[in-house]
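Subject: Structure for your review

Dear colleague,

Please find below the structure that I am handing over to you. My notes on what was found in it follow directly after.

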Amino acid sequence: MTTAVHSGLTDLVMDAQRYLRRILPGLASVVGPVGAARFIPQTMASRYHIAELTLYGETPAMLAVPRVPGESSSRVIQDVKVLRSAAKAMVLYVSPYLTPTQRRFLVENHIDFVVPHNQLYAPSLAIEFRDAPDHEKKAISLLPSAQAVLIHVLLSGQARWWSPREISRAAGYTSMTASRLSAELVGRGLAERSTGGRERFLRLAGSRGEVWARAQPFLRSPVLKEVEVCWEQVADVLARHAQSAPQAGTDAMLAVPSEDQGITRALYIDAWRKLGALPAAGPHCTRSGTLQIWSYPPAFTGSGDRVDPLSLYLSLQGKRGHDADALELEVERALCGTTCSG
């Protein structure tokens, strides 16, 4: 386990190096071991994997990667300030993913951070929110099928080893798709493959929370497009064709649906194509709604008449009109499963 953790930290440092050298061409040096290790408090060395580099040819800087994922923002802020003072250098906190709440706390406290392949925030260098280009983000995204299977496994409490072929079949995917998504999950360090035997099995490469955090740079909103429809008529069409369209968007955040709240439902793109043109909202429509067209089957990852909390979280990132803290808490509880206390 120690080797796996160390390998993951090293990979994240190298990802940060590649990202910094790409968005700061000629301004970021190669990352190496810390030369001033003796000045780093032992408590910091035990909590962080630390590497050293130079920015702009003269600014000494350090990359600090938590050895245990999930540190609280207040602890990170305190630790970064201690490292800054001890090393007398700029400290870039490195994380594979930051929630909106975590990002806000770091920004408010002027903490430099980098999310490889996604974002650099370095007020010490007068750099604010330099995002990766959309085409770069798209290039590292998981296949929708791989994202769907990963979310299904994270939420369903699969046994230690599970068959990607069987799970993929439940979602309507082919054996070829199962092979491709297996390779993606293993290649991104999110799953491990068994050896031996004719049947290939996978297991999560860490706890649910660790894998979810590590997967963030590769995950995208499942929503491909939104279509305004006349809900009463569309509901009849869906019922006649036995198609599931669970609650999605801010609609899914309500404990009890409100007549004043707009209806938002999720529909798999394959089903949408088969149904053809659906009744659009118009002056004679008594209740309109929004149909989200999803890249994977919402019923496969969801439960009952609501999309799953992880996909819901991804679909609402960067949007207003919902309680982001409550949704983050729901995601944490869903990933915690039966091990949660209280």
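I begin with Leu83, which lies in helix α3, a helix that spans residues 73-87. Please bear in mind throughout that this is a predicted model. Leu83 has a relative accessible area of 1%; because buried means under 20%, this residue counts as buried. Apart from its neighbours within four places in sequence, Leu83 is in contact with Ile40, Met44, Ile50, Ala64, Lys88 and Val91. For one of these, Ile50, the separation along the chain is 33 residues, and the C-alpha atoms of Leu83 and Ile50 are 9.9 Å apart.

I turn next to the cysteines. A search of the whole structure yields one disulfide. Cys230 and Cys285 form this bond, with 2.3 Å between their sulfur atoms. The pair links distant parts of the chain, as the two residues are 55 residues apart. Cys230 belongs to strand β9 (residues 223-230), while Cys285 sits in the loop between α11 (269-275) and β11 (288-294). As general background, a disulfide is a covalent bond between the sulfur atoms of two cysteines. The torsion about the S-S bond of Cys230 and Cys285 is about 100 degrees, and the disulfide is therefore right-handed. Both cysteines lie under the 20% limit for a buried residue: Cys230 is buried at 2% relative accessibility, and Cys285 is buried at 17%.

Strand β9 also leads to the sheet. This is an open sheet of three strands, in the order β9-β11-β10, and its pairing is mixed. Strands β9 and β10 (263-268) stand at the edges with a single partner strand each, so one side of each has no neighbour in the sheet. From one strand to the next, the twist averages 25 degrees. In general, strands of a sheet pair through backbone hydrogen bonds, either parallel or antiparallel. Here, β9 and β11 pair in the antiparallel sense, over seven bridges. Val227, for instance, has Leu291 in β11 as its bridge partner. Helix α10 (residues 231-240) packs on the sheet and touches β9, β10 and β11. The direction of α10 makes about 110 degrees with that of β9.

To recapitulate, strand β9 holds Cys230 of the disulfide, pairs with β11 and is touched by helix α10.

With kind regards

Notes: Residues are numbered from 1 along each chain as its sequence is written. This is a predicted model: local features need pLDDT of at least 70, side-chain atom pairs count only at pLDDT 80 or more; totals for chains, interfaces and linings use all residues. Side-chain values use heavy atoms; hydrogens and water are left out. A disulfide is a pair of cysteine sulfur atoms within 2.5 Å. Helices (H or I, at least four residues) and strands (E, at least two) are DSSP runs, numbered from the N terminus. Buried means under 20% relative accessible area, exposed over 50%, partly exposed in between (1.4 Å probe, protein chains only). Two strands pair if DSSP finds at least two bridges between them. Axes are lines fitted to C-alpha atoms, for helices over the stretch in contact, and angles run from 0 to 180 degrees between N-to-C directions. Contact means heavy atoms within 4.5 Å.
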